[in-house]
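The questions below ask how labels for a structure follow from values and cut-offs. Each answer sets the value against the rule.

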Amino acid sequence: MKKNDRLNKCFMCHRDKFDIEFFNKNFDDHRKEEHGIFNYVYFIPYLLKKNPEVYTRAESYAWKQFILRNFDWLPFQNDNF
Ligand SMILES: [Zn+2]
């Protein structure tokens, strides 16, 4: 990823700043909150510590996909890696 891309594209979904702000969203908020990479990095350890009986529906889905080694639910644009 080029330096300019790192500054102006989301690492996770690869949408650019203009595209995100076109829909009245703040690009920095998108990168920190909606697609903050650390949200995903810490998500599986979070699920490991949490009691599966109280998983939310989304957490249950994510855990099942993790067990199946299916990572399609992550917003990565695979052609960028
Ligand atoms: Zn994104």
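Q: What makes Arg15 count as buried, partly exposed or exposed?
A: In this predicted model, Arg15 has 18 C-beta neighbours inside 10 Å. Buried requires 20 or more, and exposed requires 12 or fewer. The count for Arg15 falls in between, so Arg15 counts as partly exposed.

Q: Where is Arg15 placed, and which residues is Arg15 in contact with, leaving aside its neighbours within four places in sequence?
A: Arg15 sits in the loop between α1 and α2. With those neighbours set aside, its contacts are Lys9, Cys10 and Ile20. A contact calls for C-beta atoms within 7 Å. As for C-alpha atoms, those of Arg15 and Asp5 are 9.8 Å apart in space, with the two positions 10 residues apart in sequence.

Q: What is notable about phi of His14, and where is His14 found?
A: Phi of His14 is near 65°, which is a positive value in a residue other than glycine. His14 belongs to the loop between α1 (3–8) and α2 (17–22).

Q: Why is His14 called partly exposed?
A: His14 has 18 C-beta neighbours inside 10 Å. Since buried starts at 20 and exposed ends at 12, His14 is classed as partly exposed.

Q: How do you know whether Lys3 is buried or exposed?
A: Lys3, in helix α1, has 7 other C-beta atoms within 10 Å. The limit for exposed is 12 or fewer, so Lys3 is exposed. The C-alpha atom of Lys3 is separated by 19 Å from that of His35, which is 32 residues away along the chain.

Q: Why does helix α6 lie largely in the open?
A: Helix α6 covers residues 57–67, and of its 11 residues the number buried is 0. Buried would take 20 or more other C-beta atoms within 10 Å. Because none is buried, α6 lies largely in the open.

Q: What class does Glu59 fall into, and why?
A: Glu59 is a residue of helix α6. With 15 C-beta neighbours inside 10 Å, Glu59 lies between the two cut-offs and therefore counts as partly exposed. The C-alpha atoms of Glu59 and Ile44 are 9.4 Å apart, for residues 15 apart in sequence.

Q: Which residue with a positive phi follows α6, and why is that residue classed as it is?
A: The residue is Arg69, with phi near 60°. Arg69 is not a glycine and lies in the segment after α6. With 6 other C-beta atoms within 10 Å, against a limit of 12 or fewer, Arg69 is exposed.

Q: How many helices and strands does the protein have, and what part of the protein is buried?
A: The protein has 6 helices and 0 strands, which run α-α-α-α-α-α from the N terminus on. Of its 81 residues, 5% count as buried.

Q: What does the radius of gyration of the protein look like beside that of a compact globule?
A: A compact globule of 81 residues would have a value near 12 Å, whereas the protein has 15 Å. The C-alpha trace spans about 40 × 25 × 20 Å along its principal axes.

Q: Which domains does the assignment give, and what separates their centres?
A: The domain assignment gives domain 1 (1–35) and domain 2 (38–71). Their C-alpha centres lie 25 Å apart.

Note on methods: Residues numbered from 1 in each chain as written. Predicted model: local features only at pLDDT ≥ 70, side-chain atom pairs only at ≥ 80, totals over all residues. Helix = DSSP H or I, 4+ residues; strand = E, 2+ residues; numbered from the N terminus. Domains from an automatic or database assignment. Rg over C-alpha atoms; globule rule 2.2 N^0.38 Å. Contact = placed C-beta atoms within 7 Å.
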